[in-house]
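Work through the exercises below with the sequence and the model side by side. Try each task before reading its solution.

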Amino acid sequence: MFAKHVTPDISAYCHGELAPEASRHFAEHIISCAKCRGEFEEIKLGIKLAEQLPLVAAPQSLWTGIEAQLGTHRSSGLNRWSRQSRIAAIAAGLLVVGGLAVWWFWGPGSKNHLANRSWQVQSLNGAPLIGKKKIAAQAQLNVGDWLETDANSRAQIAVSSIGKVDIDENTRVRLLETAPTEHRLELARGKMSATIWAPPRLFFVDTPSAVAADLGCAYTLEVDDHGAGLLRVTTGWVALELKDRESMVPAGAACETRPGVGPGTPYFEDAPRSFRTALEAIDFEHDAAARAGALDVMLNQARARDTLTLWHLLARVEGEDRVRVYERIAALVPPPAGVTREGVLRLDQQMLDRWKDVLESSWFPGANIVPKVVAEGFWRVKNGVTRRLKQ
Ligand SMILES: [Zn+2]
């Protein structure tokens with residue numbers, strides 16, 4: 001099935017040396033090929049460790065341990081160096097190893113050299129600002145810089161070699177990080193549209209009430225003046241997260257997010273209006289009576305496709321409400337063999353995942369293979385490379 005693995009390109013990809021087309025091909029392959037993804041994850045981890053090397057000071061206990069080791073060897077007479085010079089030699093060795101790793105990562109041959117940690121910005125309309133400076137046509141957005149548009153200006157950002165982000169009018173964004181293992185933007189206010197062709201979890205957007213993690217996709221994200229957000233996904237998947245609260249939003253679906261609460265429950269945008277209004281009450285309303293009435297409406301109105309919402313709700317409601325949600329999903333799409341009522345009600349993650357696999361076919365009717373492949377790639381990455389692989 002996979003004519004050519006991309007493992008020889010991992011290093012070039014991580015250094016941002018692949019052309020956009022090759023970079024896109026690499027990402028698509030990584031999403032669907034477990035073998036290459038496994039190697040990519042390992043190398044990514046190695047790079048992350050290398051990134052941290054200069055920041056980590058060796059604890060005193062390490063040196064005490066080395067001194068103790070040297071002390072025991074001294075009596076064997078194998079080494080005539082003084083204790084101090086041997087410690088110095090070992091320390092130098094550690095520094096060389098650390099230095100090599102850092103050089104490999106940030107070295108002069110790398111396009112990710114510290115001096116180049118910026119994104120290219122292009123003005124699409126008017127005169128957007130970087131800091132207090134107006135952009136005429138093109139400019140560099142460095143880590144820490146704010147990019148701001150007014151009512152008459154728009155801009156486009158090239159996100160390293162992995163995608164692009166359009167910045168609408170009246171929007172404020174800041175570049176927080178750009179590195180082979182993580183690209184991160186902050187959206188303080190306004191609206192942006194992202195198109196990303198990267199392996200999952202490489203591109204993030206921080207908002208005041210949630211973090212959007214890209215899983216290979218296209219989406220728009222809006223933040224209003226109160227910090228409330230709306231995510232709408234056009235292709236692939238996006239995860240919206242805040243601490244332990246997480247919403248998985250596929251193509252055709254949307255998800256709201258509020259300060260102090262985090263991400264709400266994802267819903268398909270073609271769901272009935274009454275279903276969506278009721279969901280908003282469940283997610284963000286504090287009044288218990290209002291919430292109870294809302295759950296009635298939702299269960300009544302839910303179509304097979306709306307099991308996306310109901311599946312997420314299982315973990316977000318309790319007691320009798322959870323039983324009712326379970327029963328409604330089971331009536332729409334029965335659980336597969338081995339997935340029991342008891343298991344689902346106690347939120348057994350494996351059973352929830354197995355049911356989700358079956359539910360997904362009703363989320364993407366017409367056997368749309370693209371979101372399916374991306375979704376599976378995502379779930380494998382999210383849950384560990386091996387656990388989710390189909391038997
Ligand atoms: Zn492969």
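**Exercise 1. Strand pairing around β10**

Task: Determine how many bridges join strand β9 to β10, and whether the two run parallel or antiparallel.

Solution.
- Step 1. Locate the strands: β9 covers residues 182–196, and β10 covers residues 203–206. Helices (H or I, at least four residues) and strands (E, at least two) are DSSP runs, numbered from the N terminus.
- Step 2. Apply the pairing rule: two strands pair if DSSP finds at least two bridges between them. β9 and β10 are joined by four bridges and run parallel.
- Step 3. Pick a bridge: His183 has Phe203 in β10 as its partner.
- Step 4. Turn to strand β11 (residues 211–214), which pairs with β10 in the antiparallel sense over three bridges. Here Phe204 is partnered by Ala213 in β11.
- Step 5. Check the connection: a hairpin of four residues links β10 to β11.
- Step 6. Sort the side chains of β10. Phe203 and Val205 point one way, Phe204 and Asp206 the other way, and all are buried. Buried means under 20% relative accessible area, exposed over 50%, partly exposed in between (1.4 Å probe, protein chains only).

Ground rules for every exercise: this is a predicted model, where local features need pLDDT of at least 70, side-chain atom pairs count only at pLDDT 80 or more, and totals for chains, interfaces and linings use all residues. Residues are numbered from 1 along each chain as its sequence is written, and side-chain values use heavy atoms, with hydrogens and water left out.

**Exercise 2. Packing of α7 and α9**

Task: Find the angle at which the axes of helix α7 and helix α9 cross.

Solution.
- Step 1. Take α7 as residues 288–301 and α9 as residues 319–332.
- Step 2. Fit the axes. They are lines fitted to C-alpha atoms, for helices over the stretch in contact, and angles run from 0 to 180 degrees between N-to-C directions.
- Step 3. Read the result: the two axes come within 10 Å and cross at roughly 10°.
- Step 4. Classify it. Angles under 35 degrees count as roughly parallel, over 145 as roughly antiparallel, 65 to 115 as roughly perpendicular and the rest as oblique. The helices α7 and α9 are therefore roughly parallel to each other.
- Step 5. List the contact (heavy atoms within 4.5 Å). Leu295, Asp296, Leu299 and Asn300 of α7 meet Asp321, Arg324, Val325 and Arg328 of α9.
- Step 6. Count by class: the contact of α7 with α9 has three nonpolar, one polar and four charged residues. Ala, Val, Leu, Ile, Met, Phe, Trp, Tyr, Cys and Pro count as nonpolar, Asp, Glu, Lys and Arg as charged, and the others, Gly among them, as polar.

**Exercise 3. A tryptophan pair**

Task: Describe the aromatic pair of Trp237 and Trp363.

Solution.
- Step 1. Set the cut-offs. Rings of Phe, Tyr and Trp (its six-membered ring) pair if their centres lie within 6.5 Å; planes under 30 degrees apart count as stacked, over 60 as edge-to-face and the rest as tilted.
- Step 2. Start from the total: the structure holds five aromatic pairs. In one of them, Trp237 and Trp363 are 6.4 Å apart centre to centre, with 50° between the planes, and the pair is tilted.
- Step 3. Place the rings. Trp237 lies in strand β14 (residues 237–242) and Trp363 in helix α11 (residues 349–363), so the pair ties together parts that are 126 residues apart in sequence.
- Step 4. Check accessibility. Trp237 is buried at 0%, and Trp363 is buried at 1%.
- Step 5. Extend the group: Trp237, Trp363 and Phe364 form one aromatic cluster.

**Exercise 4. Positive phi**

Task: State where Asn170 and Leu347 lie, and give the phi of each.

Solution.
- Step 1. Recall the background: most residues other than glycine have a negative phi.
- Step 2. Asn170 has a positive phi near 50°. Asn170 sits in the loop between β7 (163–167) and β8 (172–179) and is partly exposed at 39% relative accessibility.
- Step 3. Leu347 has a positive phi of about 60°. Leu347 sits in the loop between α10 (341–345) and α11 and is partly exposed, at 25%.

**Exercise 5. Asp306**

Task: Is Asp306 buried or exposed?

Solution.
- Step 1. Asp306 lies in the loop between α7 and α8 (307–313).
- Step 2. Its relative accessibility is 0%, so Asp306 counts as buried.
- Step 3. Leaving out residues up to four places away in sequence, Asp306 touches Ala271, Pro272, Phe275 and Gln301.
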